[in-house]
Amino acid sequence: MKRLLMNDENPCFCRELARFGYDIIPAKKIESFPKPEQRHADMQLLRVGSRVFTLDGCALPEVCGYPDNVRLNCLFLGGRLYGKLRAADPSVLEFCRSEGIECVNVNQGYTRCSALALNDHAVITSDSSIKKALESGGAEVLRIKEGHIRLEGYDYGFIGGASFADDNTVFFFGNAKKHPDFEKIKAFCDKYHSKIEILCREEPLTDIGGAVIFSCFSD
C-alpha cells in the first residue's frame, strides 16, 4: 500500500483513492500561507532524487510570505530541477549544486502546481515558460488552455494541483472531461500508456494541491 500526502478537506477524493489502495496522510495546515494553499501537499514536500525536503511548521512571515510560499514548489524531472529559482528554498538549490543537478529557471513560481508529469519526458501544462524550458530539456509537452480548474479564492487553479500520476495511471480530482482540452489530454495520456481515472465525477476539476507519494509500506 502507498501513502499519499494530500489535502483531505474533500472526503470524496479520499474515499475514492482509498478504493485504489492508497492511505491518505492529511497535509498540515500552514497558517501563514494564503488560505487556498494552506493544505496543499505540493507546497509542503519536494523530492529531489534521494532527498526529501519538507516544511517544518513554517511560522515566520518573512520566510513564508509570497513568493516564499512556493519555495518547495519546484518540479524535478529528467534529472533537472525546474522552478522560479529566486523563490526556491536555498537548501534545495544548495543540494542541487552539491549533486551536480542542473537548475532551470522558469517564470511561473507555482511550477509543480502547473505541471502534470506523466513520466520523465511527458508533461501537460498551461504555462508557456514551463513548456519552453521542459522542451529545451528534451521533454514532450502538451500545452492546454488556462483556467477551467476550480481553486476557491482564486480565478482558477492548475492542472498539476488537480491531478497526480502513479504507475501509469493519472488521477484527476473532479471531472476532467469538462475541461475544453480533455480530448487532447486523453490522447496525450494514451500516447504514453497512462490510464485516466476520474475521482468524484460530480465535482468540477479542482486544484487541491495534488498528491505526493509519501512512502510505501507492507500490510
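**Buried positions and their contacts**

Val 48 is in contact with Phe 53, Phe 76, Leu 81, Val 92, Phe 95, Cys 96 and Ile 101, its neighbours within four places in sequence left aside. The model is predicted.

Reader: Why is Val 48 called buried?

Author: Buried means under 20% relative accessible area. Val 48 has 0% relative accessibility and therefore counts as buried. This residue lies in strand β3.

Reader: What makes Val 92, Leu 93, Phe 95 and Cys 96 lie on the same side of α3?

Author: These four residues of helix α3 (residues 90-99) are buried. They cover an arc of only 160° around the axis, which puts them on the same side of α3. In general, an α-helix has 3.6 residues a turn, so residues three or four places apart point the same way. On the other side of α3, Pro 90 and Arg 97 are exposed.

Reader: Against which strands do the buried residues of α3 pack?

Author: They pack against β3 (45-48), β4 (51-54), β6 (80-83) and β7 (102-105). Just after α3, Gly 100 takes a positive phi of about 70°.

Reader: How do you know that Asp 166 is buried?

Author: The cut-off for buried is under 20% relative accessible area. Asp 166 has a relative accessible area of 8%, and is therefore buried. Asp 166 lies in strand β11 (residues 163-166).

Reader: Why is the pairing of the side chains of Asp 166 and Lys 2 called a polar contact?

Author: A polar contact requires a pair of N or O atoms within 3.5 Å, so the distance must meet that limit. The side chains of Asp 166 and Lys 2 are joined by such a contact, of 3.0 Å.

Key:
Residues are numbered from 1 along each chain as its sequence is written. This is a predicted model: local features need pLDDT of at least 70, side-chain atom pairs count only at pLDDT 80 or more; totals for chains, interfaces and linings use all residues. Side-chain values use heavy atoms; hydrogens and water are left out. Buried means under 20% relative accessible area, exposed over 50%, partly exposed in between (1.4 Å probe, protein chains only). Helices (H or I, at least four residues) and strands (E, at least two) are DSSP runs, numbered from the N terminus. The arc is that of the directions from the helix axis to the C-beta atoms. Contact means heavy atoms within 4.5 Å. A polar contact is a pair of N or O atoms within 3.5 Å; within protein, one must be able to donate a hydrogen and the other to accept it, and residues adjacent in sequence count only if both atoms are side-chain atoms.
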